[in-house]
Amino acid sequence: MVRAIRGAIQVDADDRDSIIAGTTELVSAIMERNRLTTDDVISVLFTATPDLTSEFPALAARKLGFHDVPLICCTEIDVPGALPRVVRLMAHVETDRPRAEIQHVYLRGAVALRQDIAQ
């Protein structure tokens with residue numbers, strides 16, 4: 001089955017190291033909690049709030065071995081009052097896990113975005 005997994009993390013600053021470290025933490029947690037390998041991943045869409053411009057979040061996934069997985073980065077809508085410095089992702093994966101067992105991952109300050117599904 002194909003499933004979509006959501007996740008987000010608030011990073012410390014708009015600098016290359018913070019974006020790579022935060023995205024690495026997020027992608028690693030999603031992969032571990034859902035018992036996935038890169039072969040299970042169909043594609044990943046990354047978004048970043050408009051205040052994050054120092055690096056593409058997809059670079060962190062490439063460094064984790066997502067060499068032949070389609071990745072794309074987009075800028076989110078600049079909504080007044082939105083949580084700053086957030087990287088989000090939606091990963092499309094192949095898994096036998098039922099939808100109820102998929103673990104969506106929200107880390108650091110991004111937990112506030114989806115307390116209903118954050119694990």
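Helix 1 tucks a good part of itself away: Ser-18, Ile-19, Ile-20, Gly-22, Thr-23, Leu-26, Val-27, Ala-29, Ile-30 and Met-31 are its buried residues, where buried means under 20% relative accessible area with a 1.4 Å probe, counting protein chains only. This is a predicted model, in which local features need pLDDT of at least 70, side-chain atom pairs count only at pLDDT 80 or more, and totals for chains, interfaces and linings use all residues. Residues are numbered from 1 along each chain as its sequence is written, and side-chain values use heavy atoms, leaving out hydrogens and water.

So what covers those buried residues of helix 1? The cover, judged by contacts (heavy atoms within 4.5 Å), includes these elements:

| Element | Residues |
|---|---|
| Strand 1 | 2-10 |
| Strand 2 | 41-48 |
| Helix 2 | 58-63 |
| Strand 4 | 86-94 |
| Strand 5 | 105-107 |

Helix 1 covers residues 16-33, and its 18 residues should span 26 Å at 1.5 Å a residue (times one less than the residue count); the end C-alpha atoms are 26 Å apart, which agrees. Just after helix 1 comes Arg-35, with a positive phi near 50 degrees.

Zooming out, the protein has two helices and five strands, both being DSSP runs numbered from the N terminus (helices H or I, at least four residues; strands E, at least two). Starting at the N terminus, the order is β-α-β-α-β-β-β. Buried residues make up 41% of the 119 residues. Of the contacts between residues at least 6 apart in sequence, 82% join residues at least 24 apart.

Notes: Buried means under 20% relative accessible area, exposed over 50%, partly exposed in between (1.4 Å probe, protein chains only).
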